[in-house]
Amino acid sequence: SYPASSPFVVPVASHGADGDLSYFSQRNDRVLAAPGEQIVSTVPGYLFGSPSFNEGFMAASGTSMAAPYVAGASTLVREAMDFVGYQDIDSDLINDHFRATADIIHDAVTQASYHKVNLERALDSLMADDYGDLPESAFQLGEWSDTHQWSGMINRLDDVDCFTLVAGHTGLLDLSA
């Protein structure tokens, strides 16, 4: 049904903690499935007809809970693509990347298979770690014959990368970090 049936949108299906498609979720060969059952989110107090309700959070289920997951994941993938130098990034490229890195769910109801977003795999496949993790396996950045300044940051909470920089005007200077 609309809007998911529009060729100009990415239809989103819902899956539960068990990884199976939710009973209420649409099933279509174009869908990307994302978590959509018992998602805790903020709610306005007036939702329950009383301004005194101020818990502010509740669990809800639906494709409306899964769609923001895909939207947020799309932003992260788009930023990673930009960081590693992709050109002409658009929704089709991001959707294709999600489908290429997705987990496949077999649905017992339709006997069909669907793509479930695997955000970790989608990001890891873009942000490959090609550099040494120890000084002995440091990545050689190259040699310069003039004075150059190199600065930047490459890090992840769970990864350290080591580089060797050789630079100098009259001789070679070996700096290991």
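## Sheet architecture

In this predicted model, four strands are arranged as an open sheet of mixed pairing, in the order 1-2-6-5. The edge positions belong to strand 1 (12–15) and strand 5; each has a single partner strand, so one side of each is left without a neighbour in the sheet. Direction ignored, neighbouring strands of the sheet are turned by 45° against each other on average.

## Strand pairing

Strand 1 and strand 2 run parallel and are joined by four bridges. Within this pair, Ser14 has Ala34 of strand 2 as its bridge partner. Strand 2 also runs parallel to strand 6 (residues 112–116), to which two bridges join it. Here Ala33 is matched with Lys116 of strand 6.

The antiparallel component of the sheet is the pairing of strand 5 (residues 103–107) with strand 6, which extends over five bridges. Ile104 has His115 in strand 6 as its bridge partner. These two strands form a hairpin with four residues between them, and Gln111 in the turn has a positive phi of about 60°.

## Helix packing and nonpolar cores

Helix 1 lies across strand 1 and strand 2, at about 110° to strand 1.

The largest nonpolar core comprises 16 residues, of which Val70, Val77, Met81, Ile94, Phe98, Val117 and Leu119 touch the most other members. Two or more residues of this core come from each of strand 2 (32–35), helix 1 (63–83), helix 2 (91–100) and helix 3 (119–126). Helix 1 gives the largest share, with six residues. Apart from this core lies another, of six residues, including Ala13, Val31, Ala33 and Ile105.

Ile94, one of the residues of the largest core that touch the most other members, is in contact with Ser74, Val77, Arg78, Met81 and Ile89, leaving aside its neighbours within four places in sequence.

## Overall composition

The secondary structure of the chain amounts to three helices and nine strands. Along the sequence these elements follow the pattern β-β-β-β-α-α-β-β-α-β-β-β.

Of the 177 residues of the chain, 30% count as buried. The chain exposes about 11,800 Å², and carbon and sulfur atoms supply 54% of that area. Among contacts between residues at least 6 apart in sequence, 46% join residues at least 24 apart.

Note on methods: Residues numbered from 1 in each chain as written. Predicted model: local features only at pLDDT ≥ 70, side-chain atom pairs only at ≥ 80, totals over all residues. Heavy atoms only, no water. Core = buried A, V, L, I, M, F, W, Y, C linked by side-chain atoms within 4.5 Å. Buried < 20%, exposed > 50% of the residue type's maximum accessible area, 1.4 Å probe, protein only. Contact = heavy atoms within 4.5 Å. Pairing = 2+ DSSP bridges. Areas by Shrake-Rupley, 256 points an atom, 1.4 Å probe, with all protein chains shown as cover. Axes fitted to C-alpha atoms, helices over the stretch in contact; angles between N-to-C directions.
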